[in-house]
Every structure is written in C-alpha cells, then in structure tokens.
Amino acid sequence: MIFLFQHPDFLNEEWLATAAGIAITFVVFIMGVPALIFQTFIAGGLRDVYNERLGGEWARLFKIQMALIALIFLLGNVEFDKVLFPGHSWWFFPICVSGILFIVLFLGLRSLVKNFQSSRNIEKKLSEKITDDAIAHFEKHKTVPAKDLEDLGILARELQSGRVKNIFLEQCERLVEYLLNIPEENRDTKLIGEILSDAVCLSVTYDGAQFNNENMRKALDILSFTYSHILHHTTGGASSSYLNTTIGNCMKEIGIKAMTKDDLPAVMDAVEKLSAIEATSKEMFILGNEALLQGHVEPAVAAIRKLGGKVRDAFLPGQPVDYEDKRAFYFWLGLVAKVYQLGGFAQNFAQRRLQTAVAQFDDARDELQTLFKETQKNFYQVADFDTADAVKNLEEVLFPE
Amino acid sequence: MRPTIKLLWIDDNLFHDLTEKRMALYMEDDIEPHFALDATEAFYRLRNEPFDVVIVDLRLPPGPDDMWNNYRENNFQKFGYALLNTVLGPQKDQFDHLKETRFGVFTIEAQEENPELFDDPIHLSEKNFKMKTHAYHENAFIDFIRHVHRR
C-alpha cells in the first residue's frame, strides 16, 4: 500500500491519512467493538458453537468491507485510474470514493443494528441452524453428523430453562418428526433414540439445569409423540423395542427430576404417559416408590391404579400369564404393600386395591400366595429389601398362619 | 361390585385447575382413569385402546402431529371438536374398537355455542354435554361420567 503513495502523482499524505483513519475507525468501532460486545451476549458454553455455526457471517462481511476499502486506495492511485477509467470527467473519482465509503459504512451499520436487534434470539437462531444443518446433511448422506448431535447436547446443557429451552425443544421435535417420517426401512431408530436421550431428555434432567415445568411437559410430549408414531408406523421388532426402552427410561428420569423439585403435576404426567407404553411397569414402580420416599402419595396412587389396570386385564381365570404381566403384578403389589405400611387412610386405599385383586383370585388363593412369594423374591434379588419386607408383612396379614 | 369404567379424559388443564377431579377419579374403585393433554396424544390413545367413556374438552391444543394442519387456520382453538370429528367422522374405520364407547363433552363453553356437536358425524346427546363451572363439585363430575357410561 505504502508503495502506491510513493509516486508524486499518487494520493498525497493528507488523503492517505484520511483514508487510513476511516479504515481504522471503521475496523475498531463499527465492526470490532460491537463484535466484542456481541460475544458477551452469548453464554460461555455456547460461544464456540455460535462462532462455528453463525460466526461466518461476520467474517464474510468484514472481508467484503476490507476489499471495498482497498478499492478506495486503488482508485486513489492515478496510474490505476488512468487504466481503469480513461478519459472520465474530474468528478468521477470523488463520486466513486464517496459511494464506496457509503456502502462500507451502510453494511457495517446494518450488521450492527441487525446483531443488536436479534441478540435476544441468538439461542433460537442457533437451535434452528443446527436442526437445519442436521436435516440438510441427512437428506444428502442419510446420517446426522456426530458434530450436530454434540452441539445439540451442548445446547441442551447450556440453554436457560423457560422460553429459550422450549424453542430448543421445538427444534428437537422438528428433527425427530423429520426422522420419524422417513419410511421404516430407511429409518434410523438408534439416531432418534440418541436425540431423545442426549438432547431432549438431557435438557431437563441435566444436573445444572434450572427447573421449569413447561420444559418438562414439552420433553414428555416429544417422547410420548415419538412412541405413538413408532407404534402406528412400525411393524415391530428390535428397533422399536430399543426406542420403547429409551423413551421409558427418559420419562422415568424426567419424572424423578420433577420429583426432586416437588413438581407433582409433571411426575403424574410422566406416570400417565409411561402407562401408555408397553413394558414400563418397572419405571412406574420406580416413580411411585420414589414419590413415597419423598413423602408424596399422589404419584404412588396413580402408579398403583395404572399397574392395577394392567394386572386386572392380564390375570384372567384359566388364561396363561406372560412374564411381563407377572412383573407388572410384582411392581403393583410392591407399591400397594408400601402404601399399606403408611397406615391410616393410605392403608384403607391399599386394602381396597387388594380386595379387587383377591376377588379376582377368589378360586385360586394358593396361586395368589405363590405370587406374593415370587414378588418378595423379585425384590430380594435386586436388593430392594424394604419392598420385599413390605410385601412379606402384607402376606402375613392376608394369609395368617 | 360395579363393572369398571375405563375412562379417557382429554383436557389440557388436567394438571392445573382440574387436579382435584383427576385425583378423585383415581380414588373411585369402579373407574379406571386415563388422561391425555392434547388432541394428538388423545388421537393415538384412542386409536390404540378401547375405552368405555371418553370425556373431551373442546378447547384443546393440537399437539405435535401434522394431521391437524387443516384446522390450524383462523386461530382455530377447538381441537377437541376436531378430534371428535376425526374419530367419529372421516377416520371412523380406524376406530372400530370404539363402537361401544360413550362420548361426553366437559368444557367451558355453553351448549348453544356448539350446535355442530349435536349434528353429523358426532351426534352427541345433549345429556352428555356438561359445562365447566367453578362450583362443579368432584362428586357431580363423577356422577356425570357414570351417567355418560349408562346411556
């Protein structure tokens, strides 16, 4: 550049100083300081993801502006001027310089205003960008890159709970829905499971996550919808079984997290949604039992009614009972026994639930007693001695020696 | 012992204003309560399981499924109506297992505001429509469910 100004016909020192001043002011104040301030709007954990996904726009704009500034310097050189615009009028040069300066400043200002106006939507833009990238990549390569899943996991941990996290969950829902709508033979259930557990579920169960009922409910809705969709658009098999297990586990985790925050509606919602999923009696028991340990009876009552319905439908006179239904009975009886131990009206409720079952086994009391023994063994085997003892005590009440 | 009524109650306020009524249902020996919070969740539960009684709130959120896209215009909010219309109307064949199911409506709106409920394809009995009021006690609601079941 300096070389350009050594010829006597080139720009004089005053011009150079003015142009350089504009360029430096522009870089420092119009592009530099706002960029620095803008970075402070982004949470620390998200900064890298933001710079990778959306930071390119700033760099592109900066390069364009630098090129335009360089053009001013070049136009200021009489030799270039003669080659580029031979025989033009004297006013052509100042018009060009002024025009370019105006464009440079306008682009900088527009970027500044745009960034400040959208600073509260950074997280939204980021969630949308990752989802768009993942969908675009899947369309081309039939897979979602590990980097996209990793970034979704980062957002799940770092985003503030509330509105922003709900927007993130909506984008996860969009991605899951897209993957669910792929024909069964090409559908990647493992990938869907990963998104559900490492993004959707993690976003509300992560240790550092602040509690928000709306987010919990949204996550449960996504899980429930995925299950329903798979159930009605899949012919069955190992892949759907894997998703069922993943969804069941996620719902249980969310329910337990809600329990620790005393959000009983979310726990009840988790129990309700779990009850609609096959082979989740254990998860319902865990939620009911955890509620009792935390001093809440309502989720345990809900879990007992749900498990009781499954038991009533499965144990029909003269009909063989499969292992999953037996497990439902074990977990139902375990919870009933725990509630019975509470005494008072809780005991009254447990007795009423038991009467229903006893009435069902009216002609097969031995069979019922065998089930009590099996239930104790089931809980003993997993070292849940508390529940095993509760069932044993109940057995002694129902079947006195 | 009374036969058990398998109930599906669809309402987005189940975990807010209606908590007491929801818990009261759990305590009834002859009612096996199930709940859904939006039209999508209800649609899939109804498609999957038989129920004796289905109680619907008219003002429901649609839920995530695209099937409600036709209704999502002009600030449409009555996805409870859309659900009933779908289950008892164009997609009736998918719900053969609900032939014996009794449908009821429990909503904040007045009966006169919803004349379409009593026409094709829903054909709701006027006695199966109940308006939500603050003074509506749990026992009265449980009686309403038993009444819908008996009809």
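In chain A of this predicted model, 69% of the contacts with a separation of 6 or more are made by residues 24 or more positions apart. Chain A contains 18 helices and 0 strands. Of its 401 residues, 33% count as buried.

Chain B, by contrast of topic, is best approached through its sheet. Here 5 strands form an open sheet with parallel pairing, in the order 2-1-3-4-5. Strand 2 (31–36) and strand 5 (129–131) of chain B are the edge strands, each pairing on one side only. On average, and with direction ignored, neighbouring strands of this sheet are turned by 20 degrees against each other.

Strand 3 of chain B can be followed in detail. On one side, strand 1 (residues 5–10) of chain B runs parallel to strand 3 (residues 53–56) of chain B and is joined to it by 4 bridges. Within this pairing, L7(B) stands opposite V53(B), and W9(B) stands opposite I55(B). Strand 3 of chain B is also joined by 4 bridges to strand 4 (residues 102–107) of chain B, again in parallel; there, F103(B) is the bridge partner of V54(B).

In a regular strand the side chains alternate between the two faces of the sheet. In strand 3 of chain B, V53(B) and I55(B) lie on one side and V54(B) and V56(B) on the other; all are buried, and both faces of the strand are thus covered.

The connection that follows can be traced onward. Strand 3, helix 3 and strand 4 of chain B make a right-handed β-α-β unit. In the loop between strand 3 and helix 3 (79–88) of chain B lies D66(B). This residue counts as exposed because it has 11 C-beta neighbours inside 10 Å, and the cut-off for an exposed residue is 12 or fewer. From D66(B) to K92(B), the C-alpha to C-alpha distance is 19 Å, at a separation of 26 residues in sequence.

The two chains meet at an interface in which 15 residues of chain B are in contact with 21 residues of chain A. On chain B, helix 1 (19–26), strand 2 and helix 2 (39–48) each supply at least two residues of the side that touches chain A. Helix 2 of chain B provides the largest share, 6 residues. By class, this side of chain B has 7 nonpolar, 2 polar and 6 charged residues. Strand 2 of chain B therefore has a place in both descriptions: as an edge strand of the sheet and as a contributor to the side that touches chain A.

How values were computed:
Residues are numbered from 1 along each chain as its sequence is written. Chains are lettered from A and ligands numbered from 1 in the order in which they are written. This is a predicted model: local features need pLDDT of at least 70, side-chain atom pairs count only at pLDDT 80 or more; totals for chains, interfaces and linings use all residues. Two strands pair if DSSP finds at least two bridges between them. Axes are lines fitted to C-alpha atoms, for helices over the stretch in contact, and angles run from 0 to 180 degrees between N-to-C directions. Two residues are in contact if their C-beta atoms, placed from the backbone, lie within 7 Å. Ala, Val, Leu, Ile, Met, Phe, Trp, Tyr, Cys and Pro count as nonpolar, Asp, Glu, Lys and Arg as charged, and the others, Gly among them, as polar. A residue is buried if 20 or more other C-beta atoms lie within 10 Å of its own, exposed if 12 or fewer, and partly exposed in between; C-beta atoms are placed from the backbone. A crossover is right-handed if, with the strands pointing away from the viewer, the path from the first strand over the helix to the second runs clockwise.
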